[in-house]
Amino acid sequence: MSSRTDEAALSYEQARDELIETVRRLEAGGTSLEESLALWERGEELARVCRRWLEGARARLDAALAEEEEEAAGDPEEE
């Protein structure tokens, strides 16, 4: 299974938890250069997954707030 497929299947929480574990392993040291590079690359992928989830959540919140403001502006009883 490719990492792109893995990324698409991860929830925000799964990606965050795996990213935390990846950072922990990198900070602990004791890995070969090759393994450290692989961990770094995986961490970058996981950070992108988290960022996409957060950007999506922000867009949904912004849309909901904009809709609420439009409804309030169009309702004379609200004033």
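Author: Buried here means under 20% relative accessible area. The model is predicted.

Reader: OK. What share of the 79 residues counts as buried?

Author: 14% of them.

Reader: And the accessible surface of the protein, what does that come to?

Author: About 6300 Å². Carbon and sulfur atoms hold 53% of that area.

Reader: Switching to the fold. How many helices and strands are there?

Author: Three helices and zero strands. From the N terminus on, the order reads α-α-α.

Reader: Take helix α2. What should its 17 residues span?

Author: Helix α2 covers residues 12-28 and should span 24 Å, because each residue adds 1.5 Å and the count used is one less than the number of residues. The end C-alpha atoms of α2 are 24 Å apart, which agrees.

Reader: What happens just after α2?

Author: G29 sits there, with a positive phi of about 75 degrees.

Reader: Now packing. Which residues make up the largest nonpolar core?

Author: Five residues: L10, A15, L46, V49 and C50.

Reader: Which helix gives the largest share of this core?

Author: Helix α3, residues 33-74, with three residues.

Reader: Stay on C50. What is it in contact with, leaving aside neighbours within four places in sequence?

Author: C50 is in contact with Y12, A15 and R16. A15 is also one of the core residues.

Reader: Last one, on contacts with a separation of 6 or more. What part comes from residues 24 or more positions apart?

Author: Those residues account for 69% of such contacts in the protein.

Key:
Residues are numbered from 1 along each chain as its sequence is written. This is a predicted model: local features need pLDDT of at least 70, side-chain atom pairs count only at pLDDT 80 or more; totals for chains, interfaces and linings use all residues. Side-chain values use heavy atoms; hydrogens and water are left out. Helices (H or I, at least four residues) and strands (E, at least two) are DSSP runs, numbered from the N terminus. A nonpolar core is a set of buried Ala, Val, Leu, Ile, Met, Phe, Trp, Tyr and Cys residues joined through side-chain atoms within 4.5 Å. Buried means under 20% relative accessible area, exposed over 50%, partly exposed in between (1.4 Å probe, protein chains only). Contact means heavy atoms within 4.5 Å. Accessible areas come from the Shrake-Rupley method with a 1.4 Å probe; for residues, only the protein chains shown count as cover.
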